[in-house]
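Welcome! Here are a few exercises to work through with the structure in view, each followed by a solution in steps.

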Amino acid sequence: MGNRDQLHDLRQQAHNAGIEGNSKMTEEQLRKALHKVGKGEQPEMAKHEAKR
């Protein structure tokens, strides 16, 4: 799988998890936010913390 496909999949997962407006997030930020949501954190808070 290419890097571009992987990034697209991460964005789709983030969208499905409720992390809106993730188009400008990096791959690392997406992974971090998805991890936080997986641990029960609210999607908006996870997005905010991942962008720090």
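**Exercise 1.** Find out whether E27 is buried, partly exposed or exposed, and which side chain it meets in a salt bridge.

*Solution.* Start with the scale: buried means under 20% relative accessible area, exposed over 50%, and partly exposed lies in between (1.4 Å probe, protein chains only). With 24% relative accessibility, E27 counts as partly exposed. Next, look for its partner: the side chains of E27 and R31 meet in a salt bridge, at 2.9 Å from N to O. A salt bridge here is a side-chain nitrogen of Lys or Arg within 4 Å of a carboxyl oxygen of Asp or Glu. R31 is partly exposed too, at 39%. Finally, place the pair: R31 and E27 are four residues apart in helix α2, so about one helical turn separates them.

A note before you go on: this is a predicted model, in which local features need pLDDT of at least 70 and side-chain atom pairs count only at pLDDT 80 or more, while totals for chains, interfaces and linings use all residues. Residues are numbered from 1 along each chain as its sequence is written, and side-chain values use heavy atoms, leaving out hydrogens and water.

**Exercise 2.** The whole structure holds two salt bridges; locate the one made by K36.

*Solution.* The side chain of K36 meets that of E49, at 3.3 Å from N to O. This pair links distant parts of the chain, with K36 in helix α2 and E49 in helix α3, 13 residues apart. Helices (H or I, at least four residues) are DSSP runs, numbered from the N terminus. E49 is partly exposed, at 23%.

**Exercise 3.** Describe how α2 and α3 pack.

*Solution.* First the geometry: their axes lie 8 Å apart at an angle of about 145 degrees. Axes are lines fitted to C-alpha atoms, for helices over the stretch in contact, and angles run from 0 to 180 degrees between N-to-C directions. Then the residues: Q29, K32, A33, K36 and V37 in α2 meet P43, A46, K47, E49 and A50 in α3. Contact means heavy atoms within 4.5 Å.

**Exercise 4.** Which helix gives the largest share of the largest nonpolar core?

*Solution.* That core has ten residues, among them L10, L30, V37 and A46. A nonpolar core is a set of buried Ala, Val, Leu, Ile, Met, Phe, Trp, Tyr and Cys residues joined through side-chain atoms within 4.5 Å. Helices α1 (3-16), α2 (27-38) and α3 (43-50) each give two or more residues. The largest share, four residues, comes from α2.
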